[in-house]
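Some labels applied to a model rest on cut-offs. The exchange below goes through a few of them.

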Amino acid sequence: MTVAVAANFKIALDSLETDFEARTDYKLEAVVGSTGKLYAQITYGAPYDVFLAADQARPIRLVEKDLAAAQSRFTYAFGRLVLWGTDDPAALATSDVKRIAIANPELAPYGKAAKQAISELNLTEATAPKLVLGENVGQAFAFVSTGNAQVGFVSEAQIISLGETEAGLSWRPSADLHDPIAQDAVLLKRAANKAAAIAFMDYLGTEPARDIIAQNGYALP
Amino acid sequence: MPDLSSLWLTARLALVTTLVLLVIGTPLAWWLAQTRSRFKPVIEALIALPLVLPPTVLGFYLLIAMSPNAPFGGFWLQATGDTLSFSFTGLVIGSVIYSFPFMIQPLQTAFEGPVQQAMRTAASLRAPRLDAFFSVAAPMSIRGFVTAIVLSFAHTLGEFGVVLMVGGNIPDRTRVASIEIYENVETLNYADAHALSLILLIVSFITLFCVFLFNRRFPAHVRL
């Protein structure tokens with residue numbers, strides 16, 4: 001059974017996979033990418049069974065295109081955006097910050113949220129020449145962790161995976177700075193009758209799964 | 001209509017890369033063509049590496065080396081005030097490494113054999129070495145130069161993986177045509193992807209066609 005997962009959720013999915021495989025006889029395989037990239041692949045017949053997106057728009061569009069089962073769609077998590085590398089957003093405008101990594105807003109909901117937050121902070125102009133785009137939030141994270149960008153907008157799950165001391169400074173935009181990152185899961189049409197995929201969708205809503213999701217820094221619906 | 005600035009950027013990157021390669025590649029290829037050093041196979045293997053390595057390996061190492069936390073990247077930031085990753089200069093460095101064998105190998109082949117013999121003749125006539133190179137060796141190797149220049153240029157036009165890893169997708173700086181096509185495909189913007197792809201396809205074909213046409217007219221070594 002193949003799960004197409006938005007890059008921000010990969011770490012949480014690893015824990016979910018271990019737990020899910022311990023509870024069932026099913027095997028899970030993950031394909032990681034930006035939500036937009038995975039969406040494009042699915043519309044062209046990629047052999048995925050479940051789509052864990054980082055937004056609601058693309059799962060809804062898949063349902064509209066009759067590529068996903070309408071009644072299967074639900075919000076499995078609310079993502080949290082984190083500015084990593086500083087504890088003060090004003091630093092983005094200073095000369096200490098040469099590069100700011102974000103995920104590509106066209107493809108990745110975390111990138112879109114980052115752009116909104118930058119705009120709400122009135123930093124669009126000051127940061128425009130510094131923005132570098134990762135293909136997804138995973139690459140944005142890599143740009144910061146290798147030191148090529150001094151700061152970046154990443155997901156809380158990534159910061160948690162580092163551990164507190166390793167992560168260093170970070171800052172969390174308040175909820176009014178960007179639209180909520182509602183992350184929807186959907187069962188794809190080709191897996192409508194696939195027991196493993198249906199079992200995983202059911203599992204995602206159970207308490208043990210919700211606990212794991214929460215531990216990874218997501219808010220629950 | 002797609003944004004054509006990415007094509008212009010790609011052309012500039014290929015041009016600058018080819019010029020840099022010509023300047024550092026010519027003496028190196030010359031040295032390789034005539035040396036009997038036991039290090040020659042090591043150097044040749046190193047130069048050929050980009051032919052077989054995945055661009056991701058090169059991109060990954062470059063990302064680490066260009067980081068301001070690394071000695072090289074840190075030095076660059078101190079010296080220029082700008083980071084090397086996500087910059088045009090960074091892409092040039094990446095492209096020079098990536099296209100290195102495409103410049104060296106045709107030149108080295110051209111410089112071997114008859115050219116070395118002609119140089120010995122010139123030396124016996126007491127012609128200064130540099131003088132002999134430009135008036136004897138270079139004209140004899142014209143086919144090698146054309147092949148090396150065109151292949152380096154065309155190969156850089158087609159670069160993708162390295163740029164994806166160290167470029168950061170910045171308009172007019174690192175968003176080259178191949179990256180823009182990739183993004184257009186991912187965002188299902190097929191009209192622009194088609195337009196850019198077709199332009200690249202035609203330009204690449206014409207470039208290569210010219211080389212083969214040229215090579216038909218000129219023998220491998222021009223006899224003077």
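**Helix H8 of chain B and the contact with chain A**

H8(B) is mostly covered, with twelve of its 16 residues buried. This is a predicted model, in which local features need pLDDT of at least 70, side-chain atom pairs count only at pLDDT 80 or more, and totals for chains, interfaces and linings use all residues. Residues are numbered from 1 along each chain as its sequence is written, while chains are lettered from A and ligands numbered from 1 in the order in which they are written.

Q: Why are residues of H8(B) such as B:Phe153 called buried?
A: A residue is buried if 20 or more other C-beta atoms, placed from the backbone, lie within 10 Å of its own. B:Phe153 is listed as buried, so B:Phe153 meets that cut-off. B:Ile149 and B:Leu151 are also among the buried residues.

Q: What do the buried residues of H8(B) pack against?
A: They pack against H1 (5-34), H5 (88-111) and H11 (190-217) of chain B. Contact here means that C-beta atoms, placed from the backbone, lie within 7 Å.

Q: What makes the span of H8(B), residues 142-157, close to the expected one?
A: The expected span is 1.5 Å times one less than the number of residues. For the 16 residues of H8(B) 22 Å is expected, and the helix reaches 23 Å from its first C-alpha to its last.

Q: How many helices and strands does chain B have?
A: Chain B has eleven helices and zero strands. Helices are DSSP runs (H or I, at least four residues), as are strands (E, at least two), numbered from the N terminus.

Q: How many residues does each chain bring to the contact?
A: Chain A brings 14 residues and chain B 17 residues.

Note on methods. Two residues are in contact if their C-beta atoms, placed from the backbone, lie within 7 Å.
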